Amino acid sequence: MENLDVPRFPPVPLPEAVLVSASPSASASAGPSAVANGGPPPAVPASGDEAETARPAPGDDAETGRLAALRRYEILGASPDGTFDQIAKLAAAVFDAPIATVGVVDTDRVWFAATHGLDGMEQVGVEPGLYASAVLADGPYVVKDAAADPRTLDHPLVRGELGLRFYAAAPIVTAEGHRLGTVNVIDRRPREVTATQTAVLTGLAALVARHLDLRLATIHAVRAERLLREEADERGTVTAALAERLRQVAAAERETGHPALCQLGGSGRQCAEPAELKIADGWGDSAWACTAHAEEALFVAAVFIANKDLGGLNAYLERP
């Protein structure tokens, strides 16, 4: 992946719901007024036998489009710069949980853009039930007891050393609707969740999506500026080469009889510069010009330098 000097963005203001107490009990007692926009808190997603299992993975076309978008955002494997560390830390604080992550779901792995409480772990697998299922959910995805939930019974993070028992996630959905990953909270004991906690988790995922959109726009702007700079440098090189060639031709033409002054001053205007070059067009019209007007005409009109050594119409007419 191309290394770009992409500027870091200042912290984005958090939604109102993030400003509630980090304690689960305080979140539970905050009531509807703690939820953004003053509306009633959303229903807490069900888990276990009461929960709907995550919808099936999209078809090949949809998944291909999602993965193509993931490549465009160039986040996979990017050097961590601490951008999403605060998001993971806030997610853990709101749930009073020991572990939180910001994960990006690839074809064969979930790569962590940020972790809290999982030092040294950079990625996990894409087995269904946790990250790979949560990224497809239409809202918060909650597993209250992974050891009893049929969606996660056999997941390696549940049966393995981590001993995951609780999992809550919200999908990261970009402005164009691409699902790139999830913001996740993990605990090693079964948990209950509140509507405020899941609302905050959704808000944090939206902040990640917003930052990724801004980051992508910045990457495009940096590349466009670089391209313009390269094109300007190329034009400068061409212009310098042309100017040098014009000077050479002018030096060769000084001994040829020609008008004293440039004939390209324009309608009703006289150029006071000395005539140095003769230029012509395909219709047979010709004129003597100073170097500056000759250079300008070569760029804006279909003319050529009327010099036998440089070819042009006369050389064409005299071809064998």
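E230, E231, D233 and E234 form a patch of negative charge on the surface, where a patch joins like charges within 9 Å among residues with over 30% relative accessible area and no salt bridge, the latter being a side-chain nitrogen of Lys or Arg within 4 Å of a carboxyl oxygen of Asp or Glu. This is a predicted model, in which local features need pLDDT of at least 70 and side-chain atom pairs count only at pLDDT 80 or more, whereas totals for chains, interfaces and linings use all residues. Residues are numbered from 1 along each chain as its sequence is written, and side-chain values use heavy atoms, with hydrogens and water left out.

Of the patch members, E234 lies in helix α6, residues 195-253 (a DSSP run of H or I with at least four residues; strands are runs of E with at least two). E234 is exposed, at a relative accessible area of 54% (exposed is over 50%, buried under 20%, partly exposed in between, with a 1.4 Å probe and protein chains only).

An open sheet of six strands follows the order β3-β2-β1-β6-β5-β4 with antiparallel pairing, two strands being paired if DSSP finds at least two bridges between them. At its edges stand β3 (123-124) and β4 (141-143), each with a single partner strand, so one side of each has no neighbour in the sheet.

Two antiparallel pairs are set out here, each with one facing residue pair.

| Strands | Bridges | Facing residues |
|---|---|---|
| β1 (99-105) and β2 (110-116) | six | V104 and W111 |
| β7 (277-281) and β8 (286-289) | four | A280 and S286 |

Strand β7 is largely enclosed by the rest of the structure, because four of its five residues are buried.

Key. Patch = residues over 30% accessible without salt bridge, like charges linked within 9 Å, V, L, I, M, F, W, Y side chains within 5 Å. Areas by Shrake-Rupley, 256 points an atom, 1.4 Å probe, with all protein chains shown as cover. Lys, Arg positive; Asp, Glu negative; His and termini not counted. Charge placed at Lys NZ, Arg CZ, Asp CG, Glu CD.
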